[in-house]
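I opened the notebook to look up a few features of this chain. Surface, backbone and empty space were on my list.

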Amino acid sequence: KGLRLNTRVVLVGTGILLGLGMLLFYALEHRYSLAGFDLKTQYLTAFFQSVTTRTAGFNTISMSGLRNPTYLLMMVFMFIGGASGSTAGGVKINSLALFLAYVNSLLKDKREVTLYNHSIAKDLVLRALLILLFGLVSVLAGMMVLSITESAPFLYICFETVSAFGTVGLSAGITSALSIIGKYVIILLMFIGRIGPLTLLAAAAQRIRQVQIEHPTGEILIG
C-alpha cells in the first residue's frame, strides 16, 4: 500500500509481461525448439527468453530455429521494452499502462483517465500516446526501407527492425548480410530507441510563445 503509483505500475506490468511471455513462448516452442530439453529446462529457457526480449539481448537457443508466431510474440515484447528511467529500450511499460488506462476510460465512458484509483493528468496520457505513435511510425518506416533494400525474408526484416528499436540485441541472423543502407537504418533505429522518442520530439520541438486563443469546437465522424 505504501508504494507509489509509478512503482506499482512498473512492478505489476513487469510481472505480467515476464509471466505471460514465458507461458506463451513455452506454448509455442515446447514441441519444436524446446523439444530436446527436459521439462524444467524448457520452462527455464522460456522464462529466460521472456526476460531477454525486454532488452537483455542474450539467447540460449538458436534464433533461426524459431517458429513464425514466436518471432511475432518476441517483436511485441521487444517493442514494449522495460520501464521508464531504466536502461531498457522500447516504448516502455509506463506508456503502455497509460494507453490501456485511456482505452479503459473510453470504453467505460469516464470523464477522466484513472489508474489504481488515481486520476492521470491529460498531458501525461497525450505524451504516452505520442511515444507509442512515434515508436510505431519509426518501426514501420524502418521495415519499409529494409524491405526495399534487403533480400532477406520479410519476417526476419521485421524482427531485426524491432530489435534495433528496442535496443535488444537479438538477431534472426541477417545483420551481417545487410547492405550499407540497411546497416544505417539499423543504427538510426538503435539511436532513436536508445535516447527515447520523447527526448527526440522534445529536442525537435520549437518553443514559441503561446497565444491564448479558443477555437470553435468541430465534430468529425469516427467509426
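My entries follow, one topic at a time.

**Entry 1: the model.** I noted at the outset that this is a predicted model.

**Entry 2: surface patch.** I looked for nonpolar side chains grouped on the surface. I found a patch made by Val-12, Ile-16, Leu-20, Leu-24 and Tyr-116. Together they have about 400 Å² of accessible area. I then placed Tyr-116. It sits in the loop between strand E1 (113–115) and strand E2 (118–120). Is Tyr-116 buried or exposed? Neither label fits: its relative accessibility is 33%, so I logged Tyr-116 as partly exposed.

**Entry 3: a threonine in a helix.** I turned to Thr-161, which belongs to helix H6 (residues 154–165). Its relative accessible area is 0%, so I wrote it down as buried. Which residues does Thr-161 touch, leaving aside neighbours within four places in sequence? I listed Val-139, Gly-142, Met-143, Leu-146 and Leu-189.

**Entry 4: positive phi.** I checked the backbone next. Most residues other than glycine have a negative phi. Asp-109 is not a glycine, yet its phi is positive, about 55 degrees. I located Asp-109 in the loop between H4 and E1. I marked it exposed because its relative accessible area is 69%. Thr-167 also went on the page, as a residue other than glycine with a positive phi, near 45 degrees. Thr-167 lies in the loop between H6 and H7. Its relative accessibility is 18%, and the cut-off for buried is under 20%. I therefore entered Thr-167 as buried.

**Entry 5: largest pocket.** I moved on to empty space. The largest pocket holds about 500 Å³. How many residues line it? I recorded 26, with Ser-84, Asn-94, Ser-95, Leu-98 and Ile-131 nearest the centre. I also asked which helices supply at least two lining residues each. My list reads helix H1 (5–29), helix H4 (93–107), helix H5 (122–149), helix H7 (180–195) and helix H8 (197–204).

**Entry 6: cavity.** I counted 1 cavity of 30 Å³ or more. The largest cavity has a volume of about 50 Å³. Its lining consists of Gly-21, Phe-25, Gln-49, Ser-50, Thr-53, Leu-73, Met-74 and Phe-77. Which elements give two or more residues to that lining? I wrote down H1, helix H2 (39–56) and helix H3 (68–80).

**Entry 7: cross-check.** I went back over the helix lists. H1 appears in the pocket entry, and H1 appears again in the cavity entry.

Technical notes:
Residues are numbered from 1 along each chain as its sequence is written. This is a predicted model: local features need pLDDT of at least 70, side-chain atom pairs count only at pLDDT 80 or more; totals for chains, interfaces and linings use all residues. Side-chain values use heavy atoms; hydrogens and water are left out. Patches are made of residues with over 30% relative accessible area and no salt bridge: like charges are joined within 9 Å, nonpolar side chains (Val, Leu, Ile, Met, Phe, Trp, Tyr) within 5 Å. Accessible areas come from the Shrake-Rupley method with a 1.4 Å probe; for residues, only the protein chains shown count as cover. A salt bridge is a side-chain nitrogen of Lys or Arg within 4 Å of a carboxyl oxygen of Asp or Glu. Helices (H or I, at least four residues) and strands (E, at least two) are DSSP runs, numbered from the N terminus. Buried means under 20% relative accessible area, exposed over 50%, partly exposed in between (1.4 Å probe, protein chains only). Contact means heavy atoms within 4.5 Å. On a 1 Å grid over the protein atoms alone, a cavity is a set of points where a 1.4 Å probe fits but cannot get out, and a pocket is an open set with protein on both sides within 12 Å along at least five of seven lines; lining residues have an atom within 4 Å of a point. Grid points are joined across faces, edges and corners, and a volume is the space filled by probe spheres set on the points.
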